[in-house]
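Biologist: I am new to this entry and should like to go through it with you. Please display the sequence and the structure.

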Amino acid sequence: MAAKNRAERLKSKAAAVKSKRLPCPYLPGDTVFVLSGDDKTKSGDFMRYDSKKNRVYLKGRQMVQHYVKANPNENLPGGMTSVELSIHVTNTAYYCSVCGKPTSLRRRVQDSPLGGESETVWVCRRCGAARKPAGAPSGPA
Ligand SMILES: [Zn+2]
């Protein structure tokens, strides 16, 4: 019995290694373009990333109707609501607000304005505009 369980455990472990986890290419505040599905050619704000399933949640995209039971304890009314479902990360692209197109990003090394070491910034591959710093962690507090 124990041997079988161990074999199953090893099998599931191998499957977990096999399924490749893709790194999240987006930051909070990024606009993401949808490449396929019902919301194809539309863009939405990045909400969160499911790193186990490689899926992206975008605000107001891939909406489904969803019935919720009323919860009197928390004073929540029941009824029909809309929730976002996820989109696979390979069906999305970074959306550049400057050139208005889906694009990819590349790194550019530039001299720091304060002098000293040069810094790396992410820029649009089409127009060279720098990525919005909205989601980037703000400097040392
Ligand atoms: Zn651009």
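Biologist: Is Asn75 buried or exposed?
Modeller: Asn75 sits in the loop between strand E4 (63-68) and strand E5 (79-84); helices (H or I, at least four residues) and strands (E, at least two) are DSSP runs, numbered from the N terminus. A residue is buried if 20 or more other C-beta atoms lie within 10 Å of its own, exposed if 12 or fewer, and partly exposed in between, with C-beta atoms placed from the backbone. Because this predicted model has 7 other C-beta atoms within 10 Å of Asn75, the residue is exposed.

Biologist: Which pLDDT do local features need in this predicted model?
Modeller: The pLDDT is the predictor's confidence in each residue, from 0 to 100. Residues are numbered from 1 along each chain as its sequence is written. Totals for chains, interfaces and linings use all residues and side-chain atom pairs count only at pLDDT 80 or more, whereas local features need at least 70.

Biologist: What phi does Thr41 have?
Modeller: Most residues other than glycine have a negative phi. Thr41 belongs to the loop between E1 and E2 and is exposed because it has 9 C-beta neighbours inside 10 Å. Although Thr41 is not a glycine, its phi is positive, at about 70°.

Biologist: In what order do the six strands of the open sheet run?
Modeller: Two strands pair if DSSP finds at least two bridges between them. E1 (residues 31-34) is joined to E2 over three antiparallel bridges, and E1 also pairs with E7 (residues 92-96) over three. E2 (residues 43-50) and E3 (residues 55-58) share four bridges. The pairing is antiparallel, and the order is E6-E3-E2-E1-E7-E8.

Biologist: Which strands are the edge strands?
Modeller: In the order E6-E3-E2-E1-E7-E8, an edge strand is one that pairs on one side only. The two that do so are strand E6 (86-88) and strand E8 (101-103).

Biologist: Which residue of E7 is the bridge partner of Phe33?
Modeller: Phe33 has a bridge partner in E2, namely Ser43. In E7, the partner of Phe33 is Ala93.

Biologist: Which elements each supply at least two residues of the largest nonpolar core?
Modeller: A nonpolar core is a set of buried Ala, Val, Leu, Ile, Met, Phe, Trp, Tyr and Cys residues joined through C-beta atoms within 7 Å. The largest has 14 residues, and those touching the most other members include Val32, Phe46, Val56 and Tyr94. The elements that each supply at least two residues are E1, E2, E3 and E7.

Biologist: How many other C-beta atoms lie within 10 Å of Tyr95?
Modeller: Tyr95 lies in strand E7. Leaving aside neighbours within four places in sequence, Tyr95 is in contact (C-beta atoms, placed from the backbone, within 7 Å) with Thr31, Val32, Phe33, Ser43 and Pro102. Tyr95 is buried because the number of other C-beta atoms within 10 Å is 22.

Biologist: Over which residues is the pLDDT below 50?
Modeller: The protein chain averages a pLDDT of 85, and 87% of the residues score at least 70. Among its elements, E3 has the highest mean pLDDT (95) and helix H1 (residues 2-18) the lowest (71). One stretch has five contacts beyond near neighbours in sequence and a pLDDT below 50: residues 135-141.

Terms used
Two residues are in contact if their C-beta atoms, placed from the backbone, lie within 7 Å.
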